[in-house]
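Here is a short tour of one sheet and one pair of helices, meant to be read with the model open beside you. Take a moment to find your way around first.

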Amino acid sequence: MKKFFINTYGCQMNVHESEKLAGILYNRGYVAAKSNEDADIIILNTCCIRETAETRVLGNLGMIKKLKEKKPDLIVGICGCMPQKEGTAEYLRRRCPFIDIIIGTHNMHLFSQYLDEALAKRKVLDIWDSEGTIECSPIRRNSSVSAFVNIMYGCDNFCSYCIVPYVRGRERSRNFDEVVAEVRALVESGYKEITLLGQNVNSFMGGKPYFSKLLRALSVFDGEYRIKFMTSHPKDLSEDVVEAMASSDKLADYIHLPVQSGSDRILKLMNRKYTVKDYLSKIDLLRSYIPSIGISSDLMVGFPTETEEDYMCSERLIERVKYNNLFTFIYSRRSGTVADKMDGQIDLAEKTKRIERLIAKQFEIGNTLAQSYIGTTFRVLCDSFDGKTCFGKSSCDKSISFPGDQSNVGQFVNVKVTMAKNNKLIGEIV
Ligand code: SF4
């Protein structure tokens with residue numbers, strides 16, 4: 001039986017795209033290999049949003065070249081947003097002639113056709129323009145408990161550091177009824193947690209009121225399940241969405257609301273279109289409706305011209321908000337973006353010092369929060385068991401481990417937190 005291996009880089013959006021590629025390949029009779037070495041088809045589903053993911057792709061191509069030398073019939077495909085970056089597809093074709101298929105994000109649903117071309121020993125290079133239509137393809141999901149559902153693609157926001165609008169195109173939403181039907185089918189087939197995906201879900205179908213209508217439409221199915229979504233742009237999070245979240249226990253008490261910086265001056269340079277005051281008013285709004293809400297965020301250090309005082313504004317902001325979880329990043333230059341051309345790029349050593357301080361600060365905050373949960377009982381969806389311990393998440397997205405067995409996987413259980421260690425919650429079923 002022929003085998004495939006998909007190397008996935010980047011965010012959950014890409015993880016889900018890989019599930020779609022796997023669906024296409026399973027439909028053709030291929031099965032998943034355990035590693036690149038074991039595969040007849042190797043796919044690199046790439047991401048160019050952060051420099052680190054791009055560097056890893058280029059590093060892995062060296063190893064794959066050697067595999068192809070040993071196994072000339074091996075098919076190598078590269079897809080995702082990296083080939084859509086200006087000049088990259090041509091560069092890959094010149095520098096890596098062993099790649100058989102080079103495509104972007106907009107035409108992955110046609111992978112079966114491209115594979116036929118490659119099997120006939122014809123090279124494929126097909127990068128559609130970024131306004132391509134949205135097509136559905138079969139999906140081979142990685143989990144039988146949690147599922148991703150794309151509701152929109154692309155982004156219109158043009159944050160000055162971000163390459164997404166250039167490589168993933170303008171915002172395009174899926175049809176409302178099709179999203180509802182997909183989620184209904186997932187719930188009916190036993191999925192317990194569904195995460196709606198989009199670069200800015202609040203502007204689904206053009207924005208208010210459609211996203212809150214969608215959330216309400218997805219919270220009426222029978223049975224216990226949980227709907228989450230990501231990502232929300234703070235400027236577009238509206239009260240009707242918060243009201244909808246508070247109106248149903250099927251909508252998770254959790255939001256990922258990326259702030260990026262605690263300095264108004266830097267937020268302006270980032271073209272984020274909100275101030276710290278605007279952002280904090282959204283946090284207060286969320287907590288006024290859902291006091292126990294879990295909030296996570298993205299925060300970047302070392303944006304061009306960021307001073308020590310700008311950095312301290314970010315530290316003060318995380319102290320004020322007390323995030324459940326904070327994803328911290330060092331600003332990295334992305335060619336083609338506005339920020340890449342800005343003066344005042346910060347030295348890597350300084351950026352590294354700032355991120356270390358930020359991580360330490362968040363660790364302290366997270367630890368205090370974790371200690372405060374001792375004695376609290378959470379409704380936890382168990383998503384895995386490692387042979388000794390069960391792992392799961394609360395509605396507010398706290399990760400909790402507890403003693404259990406395989407039969408707990410895919411079930412909701414009440415877990416009382418008995419201990420907090422290094423930001424991690426440990427509990428027992430009650
Ligand atoms: S909202 Fe900004 S950071 Fe997020 S994808 Fe769009 S441009 Fe990039």
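Two strands count as paired if DSSP finds at least two bridges between them. With that in mind, this predicted model has an open sheet of 3 strands, paired in parallel in the order β12-β13-β14. The points below start with that sheet and then turn to two helices that meet each other.

**The sheet**
- The edges are formed by β12 (254-256) and β14 (325-330), each of which pairs on one side only.
- On average, neighbouring strands of the sheet are turned by 15° against each other, direction ignored.
- Strand β13 (residues 294-301) runs parallel to β14 and is joined to β14 by 6 bridges.
- If you want a spot to zoom in on, V301 has I330 in β14 as its bridge partner.

**The helix on the sheet**
- Helix α12 (residues 348-372) packs on the sheet, where α12 touches β13 and β14.
- The direction of α12 makes about 175° with that of β14.

**The α7 and α8 pair**
- Helix α7 (residues 210-217) and helix α8 (residues 239-247) have axes that come within 8 Å and cross at roughly 10°.
- Angles under 35 degrees count as roughly parallel, and α7 and α8 are therefore roughly parallel to each other.
- From α7, the residues in contact are F211, S212, L215 and R216.
- They meet D240, V241, E243, A244, M245 and S247 in α8.
- Sorted by class, this contact of α7 with α8 has 5 nonpolar, 2 polar and 3 charged residues.

Key: Residues numbered from 1 in each chain as written. Predicted model: local features only at pLDDT ≥ 70, side-chain atom pairs only at ≥ 80, totals over all residues. Heavy atoms only, no water. Helix = DSSP H or I, 4+ residues; strand = E, 2+ residues; numbered from the N terminus. Axes fitted to C-alpha atoms, helices over the stretch in contact; angles between N-to-C directions. Contact = heavy atoms within 4.5 Å. Parallel < 35°, antiparallel > 145°, perpendicular 65-115°, else oblique. Nonpolar A, V, L, I, M, F, W, Y, C, P; charged D, E, K, R; others polar.
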